[in-house]
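Please open the model in your viewer and keep the selection tool at hand. The tour below proceeds from one selection to the next and states what is to be found at each stop.

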Amino acid sequence: MKREKSFNKNLRRFQIITAASILGIIFIATFVVMLCYKLPWRYDMTTERIFTLSDQSISALADLNENVQIAAVYPSGQEEAMVVSLLGEYEKASDKIEVEYIDIEREPSKLAKYELDVATVVNGSIIVKSGQRS
């Protein structure tokens with residue numbers, strides 16, 4: 001009888017410790033995942049660092065005096081993934097860079113601010129405008 005009570009007491013203690021450990025692990029894992037989603041860090045694992053701006057590009061962005069508008073001309077939903085990634089890096093690196101994507105078949109009027117001949121602009125074009133120059 002005494003042995004049975006001792007066994008039940010140890011069993012309950014084991015169950016409580018196990019439950020507390022599982023809840024603690026779940027809490028810590030949830031906290032780490034939430035923290036990772038909030039932190040804006042990335043690591044480029046490609047050997048040629050193709051998803052990272054060069055030091056030269058970062059230096060040029062730091063020296064910008066005027067705002068720069070970049071328009072990528074692609075049909076909606078068919079943007080080139082590498083272009084989107086690279087333009088996103090430029091936009092993150094400088095508050096003077098503004099990127100927009102234009103579908104010339106649906107929104108040809110958006111090209112008006114770039115003062116270009118619409119007939120010469122084709123899908124896949126990248127237009128850069130700063131001040132009066134395009």
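Select Asp103 and Arg106: their side chains meet in a salt bridge, with 3.8 Å from N to O. Please note that the model is a predicted one. A salt bridge is counted here when a side-chain nitrogen of Lys or Arg is within 4 Å of a carboxyl oxygen of Asp or Glu. Side chains of opposite charge can pair when their charged atoms come close.

Are the two partners buried or exposed? Asp103 has a relative accessible area of 4%, so this residue is buried. Arg106 has a relative accessibility of 64% and therefore counts as exposed.

Next, select Glu107 and Lys110. These residues also form a salt bridge, and their closest N and O atoms are 3.7 Å apart. Glu107 is partly exposed, at 29% relative accessible area, and Lys110 is likewise partly exposed, at 34%.

Now move to Glu89 and Lys92. The closest N and O atoms of this salt bridge are 3.3 Å apart. Where do the two residues stand in their helix? Both belong to helix α3, which covers residues 81-93, and because they are 3 residues apart there, about one helical turn separates them. Glu89 is buried, with a relative accessible area of 16%, whereas Lys92 is exposed, at 59% relative accessibility. With this pair, the visit to the salt bridges is complete: the model has 3 of them by the rule stated above.

Keep Glu89 and Lys92 selected, and add Pro40, Arg42, Tyr43, Asp44, Arg49, Phe51 and Thr52. Together these residues line the largest pocket. The volume of this pocket is about 170 Å³. How many residues of each class does the lining contain? There are 5 charged residues, 3 nonpolar residues and 1 polar residue.

Tyr43, which belongs to the pocket lining, leads to the next stop. Select Tyr43 with Phe27, Ile28, Phe31, Val32, Leu35, Leu39, Trp41 and Met45 to display a nonpolar patch on the surface. Together, the residues of the patch have about 1,100 Å² of accessible area. Within this selection, highlight Met45. Met45 is located in the loop that runs between α1 (2-38) and α2 (55-62). Its relative accessibility is 72%, so Met45 counts as exposed.

Return to helix α3 and select Ala93, which lies in that helix. Ala93 is partly exposed, with a relative accessible area of 45%. Then add Leu61 to the selection. Although Ala93 and Leu61 are 32 residues apart along the chain, their C-alpha atoms are separated by 7.4 Å.

For the final stop, select Glu79. In which loop is Glu79 placed? Glu79 is in the loop between β1 (68-73) and α3. At 30% relative accessibility, Glu79 counts as partly exposed, because that class lies between under 20% for buried and over 50% for exposed. Add Ile102 and compare the two positions: Glu79 and Ile102 are 23 residues apart in sequence, and their C-alpha atoms are 9.7 Å apart in space.

Terms used. Residues are numbered from 1 along each chain as its sequence is written. This is a predicted model: local features need pLDDT of at least 70, side-chain atom pairs count only at pLDDT 80 or more; totals for chains, interfaces and linings use all residues. Side-chain values use heavy atoms; hydrogens and water are left out. On a 1 Å grid over the protein atoms alone, a cavity is a set of points where a 1.4 Å probe fits but cannot get out, and a pocket is an open set with protein on both sides within 12 Å along at least five of seven lines; lining residues have an atom within 4 Å of a point. Grid points are joined across faces, edges and corners, and a volume is the space filled by probe spheres set on the points. Ala, Val, Leu, Ile, Met, Phe, Trp, Tyr, Cys and Pro count as nonpolar, Asp, Glu, Lys and Arg as charged, and the others, Gly among them, as polar. Patches are made of residues with over 30% relative accessible area and no salt bridge: like charges are joined within 9 Å, nonpolar side chains (Val, Leu, Ile, Met, Phe, Trp, Tyr) within 5 Å. Accessible areas come from the Shrake-Rupley method with a 1.4 Å probe; for residues, only the protein chains shown count as cover. Helices (H or I, at least four residues) and strands (E, at least two) are DSSP runs, numbered from the N terminus. Buried means under 20% relative accessible area, exposed over 50%, partly exposed in between (1.4 Å probe, protein chains only).
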